[in-house]
Amino acid sequence: MPLVVLCGPPGSGKSRRAAELRDALGGAERRAHVVAEAEGGRAAVRAEVERLLSRRDVVIVDAGNELRSVRYELYCAARQAGTARCLLHCVGPAEPPFEAPDPRNRWDRPLFAVRGEEPLPLADIRAAIFDSAPPPPHRATRSQPLQSGAFLHRLDRATHDVVAAIVAAQSDGARPGELLRVPGAEEGLVLPRAVGLAELSRLRRQFISYTKMQPSDENLARLASMFLQYLSRSIQ
């Protein structure tokens, strides 16, 4: 479950490099997942990364990660998961707000850089994520942002209502493959199978844990939709 984080300004080739890494690092023994920029911003990206880090796969983050704070959050996620990681800098003309990685920062190393059509340093990347011992989890690496009381209340309420609506719909005879409507979201949810309250409650707790790390009033109106997207990705 190693983590490879890509950073670089727009147009530096991050998505192309992510595809190359997916093909090179995935295979019969492991899958390679690419996490791109997601609706819902950095909180949604981190939630998806943390969800995938619970599996024995490679996770490649194809997002701008232009800020040191974003790279630090992903460093914390990898350290909490007990997995190795590295950073690949796709070098290009840098403009604000891009903050170039600095190998003196522990969250920016091991650091590899690639320019233009240069080949990826695959041997070094494989050694960094497959042969290196990951640092142990430590409380000092855990992100502890201030949390808005109003945001957490709305988050709890919105996710509770979504779970209640799904349970009620299934009790009323909704079958897998049918579109379920839930309060607070324009889109619905199509479940591939029946899902019990225990599983929905577990996924709700995970989503709340991930989302409350980055409380934002901008997401208040979209919490139900973000939770539906999380459920859609998580329930297979």
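Q: Why are helices α1 and α4 roughly perpendicular to each other?
A: Helices here are DSSP runs of H or I with at least four residues, strands are runs of E with at least two, and both are numbered from the N terminus. Angles run from 0 to 180 degrees between N-to-C directions of axes, which are lines fitted to C-alpha atoms, for helices over the stretch in contact. Under 35 degrees counts as roughly parallel, over 145 as roughly antiparallel, 65 to 115 as roughly perpendicular, and the rest as oblique. Helix α1 (residues 14-25) and α4, with axes 12 Å apart, pack at an angle of about 65°.

Q: What kind of model is this?
A: Residues are numbered from 1 along each chain as its sequence is written, and side-chain values use heavy atoms, leaving out hydrogens and water. Local features need pLDDT of at least 70, side-chain atom pairs count only at pLDDT 80 or more, and totals for chains, interfaces and linings use all residues, since this is a predicted model.

Q: How many charged residues are in the contact of α1 with α4?
A: Contact means heavy atoms within 4.5 Å. Leu21, Ala24 and Leu25 in α1 meet Leu122, Ile125, Arg126, Ile129 and Phe130 in α4. Nonpolar means Ala, Val, Leu, Ile, Met, Phe, Trp, Tyr, Cys and Pro, charged means Asp, Glu, Lys and Arg, and the others, Gly among them, are polar. The contact of α1 with α4 divides into 7 nonpolar, no polar and, for the charged class, 1.

Q: Which strands stand at the edges of the sheet?
A: Two strands pair if DSSP finds at least two bridges between them. The open sheet has 5 strands with parallel pairing, in the order β2-β3-β1-β4-β5. A single partner strand leaves one side without a neighbour in the sheet, so the edge strands are β2 (32-36) and β5 (111-115).

Q: Which residue in β3 is the bridge partner of Val4?
A: Strand β1 (residues 3-7) pairs with strand β3 (residues 58-62) in the parallel sense over 4 bridges. Within this pair, the partner of Val4 is Ile60.

Q: How many of the residues of β4 are buried?
A: Buried means under 20% relative accessible area, exposed means over 50%, and partly exposed lies in between (1.4 Å probe, protein chains only). Strand β4 is joined to β1 by 5 bridges, and β4 also pairs with β5 over 5 bridges. Strand β4 is largely enclosed by the rest of the structure, because the buried ones among its 7 residues number 6.

Q: Which residues form the covered face of β5?
A: In a regular strand the side chains alternate between the two faces of the sheet. The uncovered face of β5 holds Leu111, Ala113 and Arg115, while the covered face holds Phe112 and Val114.

Q: At roughly what angle do α6 and α7 cross?
A: Helix α6 is oblique to α7. Leu200, Phe207 and Tyr210 are among the α6 residues that meet α7, where their partners include Leu223 and Phe227. The axes of α6 (residues 197-211) and α7 (residues 223-234) come within 11 Å, and the crossing is at roughly 120°.

Q: What is the relative accessible area of Leu155?
A: Leu155 lies in helix α5 (residues 149-171). Not counting residues up to four places away in sequence, Leu155 touches Phe207, Ile208, Thr211, Lys212 and Leu223. Leu155 is buried, with a relative accessible area of 1%.
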